[in-house]
Amino acid sequence: MSRVALALRAQQESWRVGDELQAAGIRALLLKGPDLQQRLYATPSAYASADVDILVGRDRAKAACDHLERRGWTFAPENGLLWRVSRAASFNRDGFTIDLHWGLHAAHLPAWSLEPLARRLWQGAREGPSGMLEPDPESLLVFLAVHAVGHGFQRPEWTENVRRAAALVEDWAEVWKIAHAARVTNAVKAALAAEGSPTSTPILDGAWGSIVSWSTWLTRGHFVPASVRDRVRRAAALGRGGFGYLGRRRTLLISGDVELSVPIGVSRPGAMSEELAAVGGELIRDVRSPVVVDVGAGAGAVAVLIARARSDASVQATDISSRAVAAARANVKRLKLANVDVHLGDLLDPLPSQLRGRVDAIVTNLPADPPPTARPGGSRDPNAALVGRGSEGMGLLRVLASQSRAFLRPGGRLVVTLLDWQWDVLKDELGSIGYVPLPVHPRTATAYRYAVVERT
Amino acid sequence: MNDPSLRYRKPAGILHAELDAEEVLLNPQTGMYHLVNRTGRFLLDRMEAGETLGQAIRSLSAAAGADLHRVRGDALSFVEAMTTRGLLEPVTD
């Protein structure tokens, strides 16, 4: 159900973006996403995918990027350093990702090398159910073949996409004409035969293809080990977010007068921290000497606010990041809060065992954004503060809910921060492990909501 | 009250996906998900194939071996609920 829900949401978002771009006079061509799955598999949710790829004209790239940002889409930190060469950038909003392209790229090849294929995609395109343009079957097959080869056949669904796209082809002579003009004939043959390994299938044909491939492999630094390139990319991502080695330490004021020091690499607290603290405060309003746990505390904003508001409360904060824990402890000490303890560890693991069955409220703003692909987050991931685990991003929330039953007293409450559609999915699951959902709190200025469940 | 002599269809813009033998609908206007069970899907599929609501009800009654009168009552309630939520509309063209 969650994959279906995610697919329908992604479809809804992509249609909305298509309408917005069209209204702004920007033609958009849908490359990949739930609508492609609908076309190939007669369902938008044949496999897990939380992002949508849209192609715009190169001359409209800036306008499209500006337009998305004005509409609340955020330039994704993980766009790396060479997104201009790839002519593609990811934008995030409400847990979804739009991969905006103004050229095609595959593996390390630059967009200009696939210009003929991009032109052909536009030529044969026709309007699809989304209102955006879709490639004709012949150019779609060539595109999907290049995509599969470019990604080294990593995912079986990409090979299957090629097979299903082949079944839609009406004019095979046109397919080979397109492939020849784009110099990707070998790649199409390999994809159709479902052969090849990441290193053995060249994307571009002939000697020219080899020269382009090797020269860009060198100039893009692909001779550098992937682990090093990942670190550079992460540093750039952190820098974009104001953190990391390229970022700067910030001193922030929250709740009007509380000064927090937020060092490099720790998530910045903001309005949502204040809201979450208020929700937590409301849950313990009638409890004397409550025990409250803030999971994923970061620099300690929520814990600090609750502790200041309730001097009788015992506030426990946990975080998996040693940097965050050090920051939180420093803030607690500077603010002279004797009723906050900060623990280093994963979720509730570091809590003292004597708290079992005694906690009145657990609050959290754990990473829960669904990742573009199903890859787990982690403390070394630049998106660790945002991207959750599992294909819908709720892996951490599920683990926390399970662990929380041991620490919450009967009637104790768990507050999680998540998107509307995630709550629709998670609610029933929590009900089945002994939680009762309570009325959710009003939506924040963002798309997130605070969902409260009570331990039975 | 819905008219059995009419055909009903999902309005343009309603997103949907199969889930086993059921169907998940997402109404972008409300942001709500709806799950249509096997029986509801049968009715929708029949109308999609060109049957009127009344014909679809008879088909369902025959397929399920259930009392026509009872099936009619349940089917009309289902269509009423779906149209109220913006998930179905009568076909007039």
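**Figure 1. Polar contacts and buried area between chain A and chain B.** In this predicted model, 4 residue pairs, both members at pLDDT 80 or more, are in polar contact between chain A and chain B, a polar contact being a pair of N or O atoms within 3.5 Å of which, within protein, one must be able to donate a hydrogen and the other to accept it, while residues adjacent in sequence count only if both atoms are side-chain atoms. Helices α1 (2-23) and α16 (420-432) of chain A each supply at least two residues of the side of chain A that touches chain B, and α1(A) gives the most to that side, with 8 residues; helices (H or I, at least four residues) and strands (E, at least two) are DSSP runs, numbered from the N terminus. By class, this side of chain A has 8 nonpolar, 5 polar and 2 charged residues, where Ala, Val, Leu, Ile, Met, Phe, Trp, Tyr, Cys and Pro count as nonpolar, Asp, Glu, Lys and Arg as charged, and the others, Gly among them, as polar. With contact defined as heavy atoms within 4.5 Å, 15 residues of chain A are in contact with 12 residues of chain B. The two chains bury about 1100 Å² between them, 70% of it on carbon and sulfur atoms, this area being the accessible area (1.4 Å probe) that two parts lose on being put together, summed over both. The count of salt bridges between chain A and chain B is 0, a salt bridge being a side-chain nitrogen of Lys or Arg within 4 Å of a carboxyl oxygen of Asp or Glu.

**Figure 2. The salt bridge between A:Asp136 and A:Arg120.** The structure holds 21 salt bridges over all chains, and one of them joins the side chains of A:Asp136 and A:Arg120 at 2.9 Å, N to O. This pair links distant parts of the chain, with A:Asp136 in the loop between β7 (133-134) and α6 (137-150) of chain A and A:Arg120 in helix α5 (residues 115-123) of chain A, 16 residues apart. Both A:Asp136 and A:Arg120 are buried, where buried means under 20% relative accessible area, exposed over 50%, and partly exposed in between (1.4 Å probe, protein chains only).

**Figure 3. The salt bridge between A:Arg163 and A:Glu160 in helix α7 of chain A****.** The closest N and O atoms of A:Arg163 and A:Glu160 are 2.7 Å apart, and both residues lie in helix α7 (residues 156-168) of chain A, 3 residues apart, about one turn of the helix. A:Arg163 counts as exposed because its relative accessibility is 52%, whereas A:Glu160, at 22% relative accessibility, counts as partly exposed.

**Figure 4. The surroundings of B:Glu23 in strand β3 of chain B****.** B:Glu23 has its place in strand β3 (residues 22-27) of chain B, and B:Glu23 counts as buried because its relative accessibility is 5%. Its side chain makes a polar contact with the side chain of B:Lys10 at 3.5 Å. Leaving aside neighbours within four places in sequence, the residues in contact with B:Glu23 include B:His16, B:His34, B:Val36, B:Arg41 and B:Leu44.

**Notes to all views.** Residues are numbered from 1 along each chain as its sequence is written, while chains are lettered from A and ligands numbered from 1 in the order in which they are written. As this is a predicted model, local features need pLDDT of at least 70 and side-chain atom pairs count only at pLDDT 80 or more, whereas totals for chains, interfaces and linings use all residues, and side-chain values use heavy atoms, with hydrogens and water left out.
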